[in-house]
Amino acid sequence: MADGKDKAEAAELLRRKRAGNWYADGVKFRCLAPECSDCCSGKRGEGYVWVNADEMEAIAGYLGLEFDKFTRTFIRQIEWSFSLIEKPNHDCIFLKDGGCSIYEVRPTQCRTYPFWPDIMRAPETWKREGEQCPGIGADAHVDGAEVERQLETDIEGRRRNSVE
Ligand code: SF4
Ligand code: SF4
């Protein structure tokens, strides 16, 4: 049975969960790249890397390609939104030699992972994502304010990409 302190902690966790900011005291996360590139790979099957027009322009410029040539070669339209294409094994098209070949201009969702709304919804969804991302639970502390900043950046990116 939980003692008084455990009960108080459980009550506080429940309060934060209800308030939607269970991560207020921060979370443990450190990306293990370049040893890991699981979130860029096709391990989980088909996926989408959403991009908006500004991001497409930035990547095209980085690659030295005309915008039209870039979009014809690397972009697919999914309903009203746009995603990078994948390799036949579902790896991101820009995953090369275990790393991101456009790292400096990678799209917003690549910068904000794993601080995505669906993942940060609750401790359970965060923990479940840890089965896919070995950086979750690693030996580094990301404070709650930084988590919130990343989440807001991600949500704004989704809004711009029409994939809210
Ligand atoms: S799966 Fe996690 S640890 Fe691996 S590259 Fe992606 S963010 Fe980093
Ligand atoms: S653009 Fe780069 S960071 Fe984003 S999924 Fe592709 S390889 Fe990974």
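Biologist: Before we look at ligand 2, which residues count as nonpolar, and which as charged?

Modeller: Ala, Val, Leu, Ile, Met, Phe, Trp, Tyr, Cys and Pro count as nonpolar, Asp, Glu, Lys and Arg as charged, and the others, Gly among them, as polar. Please keep in mind that this is a predicted model.

Biologist: OK, how many of each class are in the shell around ligand 2?

Modeller: That shell has 9 nonpolar residues and 1 charged residue, with no polar ones. The residues around ligand 2 include Cys-40, Cys-92, Cys-100 and Cys-110, along with Val-49, Phe-94 and Arg-106.

Biologist: Arg-106, then: buried or exposed?

Modeller: Arg-106 has 21 other C-beta atoms within 10 Å, and because 20 or more make a residue buried, Arg-106 is buried. Its place is in the loop between strand 5 (99–100) and helix 4 (108–112).

Biologist: What is Arg-106 in contact with, apart from its neighbours within four places in sequence?

Modeller: Those contacts are Cys-100 and Arg-111. Val-49 is 57 residues away from Arg-106 in sequence, with 9.7 Å between their C-alpha atoms.

Biologist: Switching to ligand 1, what surrounds that one?

Modeller: Among the residues surrounding ligand 1 are Cys-31, Cys-36, Cys-39 and Cys-133, as well as Asp-38, Ser-37 and Tyr-113. By class, the shell around ligand 1 comprises 8 nonpolar, 2 polar and 1 charged residues.

Biologist: And where is Glu-79?

Modeller: Glu-79 is in the loop between strand 2 (75–78) and strand 3 (81–84), and it counts as exposed because it has 7 C-beta neighbours inside 10 Å. Ser-162 is 83 residues from Glu-79 along the chain, and their C-alpha atoms are separated by 9.7 Å.

Terms used
Residues numbered from 1 in each chain as written. Chains lettered and ligands numbered in written order. Predicted model: local features only at pLDDT ≥ 70, side-chain atom pairs only at ≥ 80, totals over all residues. Near = placed C-beta within 6 Å. Helix = DSSP H or I, 4+ residues; strand = E, 2+ residues; numbered from the N terminus. Buried ≥ 20, exposed ≤ 12 C-beta atoms within 10 Å, placed from the backbone. Contact = placed C-beta atoms within 7 Å.
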